[in-house]
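Subject: Structure for your review

Dear colleague,

Please find below the structure that I am handing over to you. I would be grateful if you could keep it open while you read the notes that follow it.

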Amino acid sequence: MEKKIENMPFENNRGGDHSHIKGWGIDADPKNDPTYPMKQRNNDEHKGYTWERPPLQPITSEVLHSNERPNVTAVFGGTVPPQGLSGQLRRYAFQYGESSYGHWLPLLLADRVNVVEGIIDDIKNGHFPNIFAERGIKAELKHNPMGLAKKVAIGALVVTALFAFLNRDKDD
Amino acid sequence: MLAMNYRGPQRVRIDHKPLPQIQHPEDAIVRVTRSCICGSDLHLYNGNVPDTRVGETFGHEFVGVVEEVGADVHKIKVGDNVIVPFNIACGRCAFCKQGLYGNCHEANPQATAAGGIFGYSHTTGGYAGGQAEYVRVPYANVGPTVIPEGMDLDDAVMLTDVVPTGYQAAEMGGIQKGDTVVVFGAGPVGIMAARCAWLFGAGRVIVFDKEEYRLEFVRNYAQCEAYNFMSVGDPVVFVKRTTDSLGADVCIDAVGAEAAGSTMQTITGRKLLLQAGSATALHWAINSVKKGGIVSIVGVYGPTDNLVPIGNVVNKGITIRANQASVKRLLPRLIEHVQNGILDPKALITHRIPLEEVSDAYRIFADKLDNCIKPVLIPPSARM
């Protein structure tokens, strides 16, 4: 019967006796370890997900988790749970694995949608965002006035060109 | 409390947010006394890291005073001044037990490839960061380390990330006595990697960057050669010419996703986001290292794909070693180095900026204004 990923438990049946395989382990060299000294090699990862887990942080708001692990980690950040349209996109993204564009591209799209949601939220809360201040214009004016002037000039030029293009005489 | 608030690419501001609460018996609440902006925060700032949500607070390099501890915290106590490693580690999973504290499996539900990191998007766990007055610190028995008596807070805050990451970059290079080491990037981590390369016995250290003020700094601070890749022509050919045509023994990518130097990489990686940042430094590192050499990567890239010359990795027999720094593993040695005057990390701090001016601080650092190398944010309570 064909295995379906969503029905597969997270387990690794690596154990057992492999001595019937001719030559099993005869060239094993514990010193052949390019991870030294970053990794203090032991066999803990060969035991699978069997360590004694820390106490689990109560889940009081929605926490998305990768479909490459069986559960939410023992602790996690509780900031900014998914909500609105960006939240829907994030929930959709987490149906896909971490090596899939189906995971990351919807997340990037959600981030951009979230920016618009943030501006709407600000205005709803009576705060009109000062985008120039948020972009640190004071520092740029102080330390790089010529660069700022150049950016403003280029921006004005683009807006003027766009305006002229949109209002061109259609009969010409 | 005051906290940095991300509003979208290149838009951040200071806002009032609720005080953090103990959410787990091994949590601590820390009142921040110093918090840096890291080069990798710029990937978030520029909107390049997926699942960076509006309203998040960044900041993974901070020190502070323990204000409150959970019921099961016994390694630190209220009132302790602590260094908080940027990676969140349980100390119990298979990876933590092997010293891979940057790869903990019990700290980030959102991605298995990345560990938990403070203030670094939901792709690394969705934790609030330290660019704030207070921060929740999980697994407080594992990561936080009491700042030794007499250590300057500016030195201590550099031990949360910059020093261990620079040191581990050199360590992963497997540097042998006499080796020629090339470091791409003279940001704080690149500068520290160049300095630390000598500790492993390098025979020659060469740094590339495009900012003259940073090149001058690293020449003096790390006592190394430093060249502007904008003026040397092809930096790979430059390395070959200066190494008997063989290439460097070890190359270190200390830049990551924001690299300049290749129009194609910049457009596809940084402007169009068709790859996970610009991989120019890694490209140069692979092509500059000798056959059988080692490339060490500490530059941060996003989670999708990058264009790198993988065929050359195979054909040259290159060993690539990379990881987030395992801060907890390295701290005892690095604290010794700072206390013995071997490393002087606070010398990298060029800007001390009030937390309230976080928008300007990001602009200064992102655009390398005012000869900025490392900015530190100081909350109001730490300025009294």
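Before the first finding, one term is needed: an angle here runs from 0 to 180 degrees between the N-to-C directions of two axes, each axis being a line fitted to C-alpha atoms. Please also note that this is a predicted model.

With that term in hand, consider helix α6 of chain B, residues 212-221. Helix α6(B) lies across strands β11 (204-209) and β12 of chain B, and runs at about 170° to β12(B). Because angles over 145 degrees count as roughly antiparallel, α6(B) is roughly antiparallel to β12(B).

Both of these strands belong to an open sheet of 6 strands in chain B, with the order β12-β11-β10-β13-β14-β15 and parallel pairing. Which strands stand at the edges? They are β12 (225-228) and β15 of chain B; each has a single partner strand, so one side of each is left without a neighbour in the sheet. On average, neighbouring strands of this sheet are turned by 20° against each other, direction ignored. At the β15 edge, strand β14 of chain B (residues 289-297) runs parallel to β15(B), and 4 bridges join the two. As an example, Ile297(B) has Ala322(B) in β15(B) as its bridge partner.

Chain B also offers a pair of helices to examine. In general, two packed helices are described by the angle between their axes and the distance between the axes. The axes of α4(B), residues 162-172, and α11(B), residues 327-339, come within 10 Å and cross at roughly 95°. That crossing makes α4(B) roughly perpendicular to α11(B). From α4(B), the residues Val163(B), Pro164(B), Tyr167(B) and Gln168(B) meet Val327(B), Leu330(B) and Leu334(B) of α11(B). By class, the residues of this contact are 6 nonpolar, 1 polar and no charged.

Next, please look at where the two chains meet. Here 56 residues of chain B are in contact with 51 residues of chain A. Several elements of chain B each supply at least two residues to the side that touches chain A, among them β1 (2-8), β15 (319-322) and α12 (358-366). The most comes from α12(B), with 5 residues. This side of chain B has 22 nonpolar, 19 polar and 15 charged residues.

Finally, the domain assignment of chain A gives domain 1 (62-129) and domain 2 (130-165). The C-alpha centres of these two domains of chain A lie 31 Å apart.

Yours sincerely,
A colleague

Notes
Residues are numbered from 1 along each chain as its sequence is written. Chains are lettered from A and ligands numbered from 1 in the order in which they are written. This is a predicted model: local features need pLDDT of at least 70, side-chain atom pairs count only at pLDDT 80 or more; totals for chains, interfaces and linings use all residues. Two residues are in contact if their C-beta atoms, placed from the backbone, lie within 7 Å. Ala, Val, Leu, Ile, Met, Phe, Trp, Tyr, Cys and Pro count as nonpolar, Asp, Glu, Lys and Arg as charged, and the others, Gly among them, as polar. Angles under 35 degrees count as roughly parallel, over 145 as roughly antiparallel, 65 to 115 as roughly perpendicular and the rest as oblique. Domain bounds come from an automatic or database domain assignment. Two strands pair if DSSP finds at least two bridges between them.
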